[in-house]
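Please read the points below with the structure open beside you, and find each named part in it before going on to the next point.

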Amino acid sequence: MAEPATELFEAPQNEVAVQQERSLISIIDRVLTRPDIDMDKIERFLDMQRQIEAEQAERAFNEQLAEMQADIPAVQKRGKSHLGKYATWEDIQEAALPVLKRYGFSISHKTRVEGETVVVMCVLRHAAGHCDMSEMPLPMDKSGGKADIHAIASSIAYGKRYTASALLSIRVEGED
C-alpha cells in the first residue's frame, strides 16, 4: 500500500505558534473532561505552555534586535559640557524611537535613589513579550554646586543616555 504524497511547505512562524497553542489547548480540554483529573498534570501542561511562549518571545526578540541594530543611525555629539561634547538623550531618542517602533520594540527607564547613589535601569521590551534590561548605578552628580534634586536629575539623564546606548549598541560619532 503506497503512502500518500505529502508536500513540504514553510508555514509562517506566527501560524506555527497558533497551531502549537491550539494543540496544547485541545490537550488541556481533553484532560479537563476526564473524571480522574490530575491537577499536577494540568500545572505541568501550563508550565510547559509558559516555557514555550517565553522561548518563542525570546527568539522573536533576538531575531528582531539583530535586524534592528543595523538600522539605528549613529548619533552625533551635540550636547556640551565643561568636559566636552556628548550625545544627548533627546538625540538618542530621536534616532532610535522610529526604528524601535518599526521592529516592535519599546524602551523605558526606571530609577531609584539608594543613599547617595542613583540607579538607572533601561528596559527594552518587544511586542512578542520578551524584555532585556541594562542597569547603571551612578553617584549623585553634585558638580557645580547642584542641589540634591538637580544632582539626581543630572545622574538620571546621564544614566538614560548610557544604558540605552549600551542596550541598543548605539554608535556615537567621535566616541573613543
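1. I would begin with the largest pocket, since much of this note returns to its surroundings. Its lining is made up of 18 residues, and those lying nearest the centre of the pocket are L83, D141, S154, Y158 and R161. The space inside this pocket comes to about 440 Å³. Please keep in mind throughout that the model is a predicted one.

2. Which elements give two or more residues to the lining of this pocket? They are strand 2, covering residues 84-86, strand 5, covering residues 131-139, and helix 4. Helix 4 supplies the largest share of the lining, with six residues. By chemical character, the lining residues of the largest pocket divide into seven nonpolar, seven polar and four charged.

3. Helix 4 also has a helical partner, and the pair deserves a careful look. Two packed helices are described by the angle between their axes and by the distance between those axes. Here the axes of helix 3, residues 89-102, and helix 4, residues 148-168, come within 10 Å and cross at roughly 35°, and the crossing in which helix 3 passes helix 4 is left-handed.

4. Which residues make this contact? From helix 3 they are W89, I92, A96 and L100, while helix 4 brings K160, R161, A164, S165 and L168. Sorted by character, the residues of the contact between helix 3 and helix 4 are six nonpolar, one polar and two charged. A reader following the side chains may notice that R161 appears in this contact and is also named among the residues nearest the centre of the largest pocket.

5. A search of the whole structure finds one cavity of 30 Å³ or more, and the largest cavity has a volume of about 30 Å³. It is lined by W89, I92, Q93, A96, L97, L100, I107, A164 and L168. Helix 3 and helix 4 are the elements that give two or more residues to this lining, and helix 3 gives the largest share of it, six residues. The lining of the largest cavity holds eight nonpolar residues, one polar residue and no charged residue.

6. A last point concerns confidence. The protein chain has an average pLDDT of 84, and 84% of the residues score at least 70. Over residues 1-11, however, the pLDDT is below 50, and this stretch has one contact in the model beyond near neighbours in sequence.

How values were computed:
Residues are numbered from 1 along each chain as its sequence is written. This is a predicted model: local features need pLDDT of at least 70, side-chain atom pairs count only at pLDDT 80 or more; totals for chains, interfaces and linings use all residues. Side-chain values use heavy atoms; hydrogens and water are left out. pLDDT is the predictor's confidence in each residue, from 0 to 100. Contact means heavy atoms within 4.5 Å. Axes are lines fitted to C-alpha atoms, for helices over the stretch in contact, and angles run from 0 to 180 degrees between N-to-C directions. Helices (H or I, at least four residues) and strands (E, at least two) are DSSP runs, numbered from the N terminus. A crossing is left-handed if the near helix is turned anticlockwise from the far one by less than a right angle, and right-handed if clockwise. Ala, Val, Leu, Ile, Met, Phe, Trp, Tyr, Cys and Pro count as nonpolar, Asp, Glu, Lys and Arg as charged, and the others, Gly among them, as polar. On a 1 Å grid over the protein atoms alone, a cavity is a set of points where a 1.4 Å probe fits but cannot get out, and a pocket is an open set with protein on both sides within 12 Å along at least five of seven lines; lining residues have an atom within 4 Å of a point. Grid points are joined across faces, edges and corners, and a volume is the space filled by probe spheres set on the points.
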